[in-house]
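Please examine the model shown here, beginning with the overall fold and then turning to local detail.

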Amino acid sequence: MVPKIHSLGGYIHEYQKSVTNPEAFWAEVAEGFYWHKRCDTVLEWDFKGPSIKWFAGGKLNITENIFERNLYTIGNQPALIWEPNNPNEKTRLLTYFELYKEVNKFANTLKQLNVKKGDRVAIYMPMIPELTIAMLACARIGAVHSVVFAGFSANSLSDRIIDADAKIVLTADGGFRGDKITPLKNIVDEALETCPDVEKVIVYQRTNSKINMVEGRDIWWHKAIEGMLEECPAEEMDAEDNLFILYTSGSTGKPKGIVHTTAGYMVYTAYTFLNVFQYNAGDVYFCTADIGWVTGHSYIVYGPLLNGAQTLMFEGIPTWPDAGRFWDVVDKHKVNQFYTAPTAIRSLIALGMEHITNKDLSSLKVLGTVGEPINEEAWHWYHDHIGRNRCPIVDTWWQTETGGVMISPIPGIIPTKPSFATLPLPGIQPVIVNGDNKELTGNSVKGNLCIKFPWPGMARTIWGDHERFRKTYFSTFKNLYFTGDGAQRDEDGYYRILGRVDDVINVSGHRLGTAEIENAINSHPLVNESAVVGYPHSIKGQGIYAFVVCGELSTGGEEGIRKSIKMAVTNMIGPFARPDLIQLVPGLPKTRSGKIMRRILRKVAEGDASNLGDITTLLDEEVVDKIIDGALVPVKR
């Protein structure tokens, strides 16, 4: 059993235990799992390398801790509840025993296709049960899954397949999203034109779209699993064997393949899920994230299933067929814990109250938010109208790299405060550091958020580039993991996340590297150069503001070039990375050494150029006035 916190006193006691003797604390948590062999050492670490090993020498398989550990007690209970995009389509429900059999069948399928322990499998699928089955089948046989969000372009998919050196791609003919169909197989076909090492593509039939099946390479899912046994022995894994790679944007153009390993990730996601959502046996838990992002990995699949939970997976979007869709799902399945993004909440606020007033929502006990800090207005609306003033909100802060929630209220135990993530979970030791590498002690301080001690769920490396891992997270501040976020600690010791301090924009909870977007914009034949910054957006939290220098305009004029730039970004990355605002400028503010002074562009995008600081190092100060004069937002001077 995973230990559960039941009171504020219990939280304080557990937290003190976890920072006084972290090894003993996490060893105790790990005792609740099934191991082939217990670990030799709980923790070995060095942030200089960096090198982090949890439960070294331990042998296990994460899927045995989902299935064999639970089958005799809850085998006939629901594991996965799938709600389709179309409310008129039938819900699918898989018990733990049924999911176990499907995972084994697909694991045997992969083995028959010569997928071995350590091989990488790329998954580019819609939000259907087979996506979860595919992930767990990989874990069952020791293959490393690399899920790519099914909104990425062919170019982005190809980059990720090549970087991971995946030998198999799993996809579907298409994916439903509201009233649209995403042509997933066509996108895979385009991506694979530049991926010669992919041996097989398994295609699930979801939309009955007309597609091309490449002879010798492509196999229908239903054909591939025909005759496969429902038993598949789990591969014995070392605690530090790789479990999955998940790509996230960085401040340079190339995406980072974040690597999570088996035992530490298992222990941490199971512990945080149980405590952050105060899950009780029989509850129905609904996370609205896509499994293509880390939230779906940790809190739709692994965290809930490791706790024997009923986890609800939703294929659709919150606004189709109308803006009451989330709340219809909550009422239909009597959802107890609901976890979504502030962007979704803000978009639903904008669509009015008529989609909420006739909903029951009485089953809800805990509300959660993820992906970005939630603003006070959205927090109060969520609390008052969805939680009906009785459901605590867990405003969770964490990252792809952390594996699981790091700072969050524990509902009903830690008092909440709008727009504050509140307190660290047991085992997490946050510090706030200024630019001089000095830790700011006490309360009422603001600076860079770092973590000074390892936790089991943390990433171990960037796939194929450990030096980049060191530079990105461990070189800015000595002997600390740097989150890239700014934070304040208030008079109560509560943490408030202030957003990114590096060149990463948080759009609707998705981290996008500005360099990645700039590369896509610069691929346009009429663009000379560009600079991208974030700006405040009423729905997305942050929008994308692009300053673009063109050599000449096309026959379509400014509007025509804006449209074609957006198309270039869509083709290279995906529609979610399209700039919201594109300002065509005569030049960019550069220092004499040629460096773009991005803080000036950020100020303009934020609508406040009243204090631009020292601009005497600029090569051409006049360009700043021209940018301000042509700004697409009102700018205070």
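The paragraphs below proceed from the whole chain to one pocket and then to one residue.

The model is a predicted one. Its secondary structure comprises 19 helices and 30 strands. The radius of gyration is 24 Å, close to the 26 Å that the globule rule gives for 637 residues, so the protein is as compact as a globular protein of that length. Measured out along the principal axes, the C-alpha trace spans about 75 × 65 × 55 Å. Of the 637 residues, 62% are buried. Among contacts between residues at least 6 apart in sequence, 71% join residues at least 24 apart.

Attention may now pass to open space in the model. Rolling a probe the size of a water molecule over the atoms shows where empty space is left. The second largest pocket holds about 380 Å³ of space. It is lined by 17 residues, of which Met1, Leu274, Ala281, Asn307 and Gly308 are the closest to its centre. By residue class, the lining of this pocket consists of 7 nonpolar, 8 polar and 2 charged residues.

A single position in a strand completes the tour. Asp485 belongs to strand S24, which covers residues 481-489. Is Asp485 buried or exposed? Its relative accessibility is 6%, and because buried means under 20%, Asp485 counts as buried. The side chain of Asp485 makes a polar contact of 2.9 Å with the side chain of Trp397. Trp397 also appears among the residues in contact with Asp485 when neighbours within four places in sequence are left aside. The others in that set are Gln399, Gly447, Asn448, Leu449, Ile497, Gly499, Arg500 and Val501.

Terms used
Residues are numbered from 1 along each chain as its sequence is written. This is a predicted model: local features need pLDDT of at least 70, side-chain atom pairs count only at pLDDT 80 or more; totals for chains, interfaces and linings use all residues. Side-chain values use heavy atoms; hydrogens and water are left out. Helices (H or I, at least four residues) and strands (E, at least two) are DSSP runs, numbered from the N terminus. Buried means under 20% relative accessible area, exposed over 50%, partly exposed in between (1.4 Å probe, protein chains only). A polar contact is a pair of N or O atoms within 3.5 Å; within protein, one must be able to donate a hydrogen and the other to accept it, and residues adjacent in sequence count only if both atoms are side-chain atoms. Contact means heavy atoms within 4.5 Å. On a 1 Å grid over the protein atoms alone, a cavity is a set of points where a 1.4 Å probe fits but cannot get out, and a pocket is an open set with protein on both sides within 12 Å along at least five of seven lines; lining residues have an atom within 4 Å of a point. Grid points are joined across faces, edges and corners, and a volume is the space filled by probe spheres set on the points. Ala, Val, Leu, Ile, Met, Phe, Trp, Tyr, Cys and Pro count as nonpolar, Asp, Glu, Lys and Arg as charged, and the others, Gly among them, as polar. The radius of gyration is taken over C-alpha atoms; the globule rule is 2.2 Å times the number of residues to the power 0.38.
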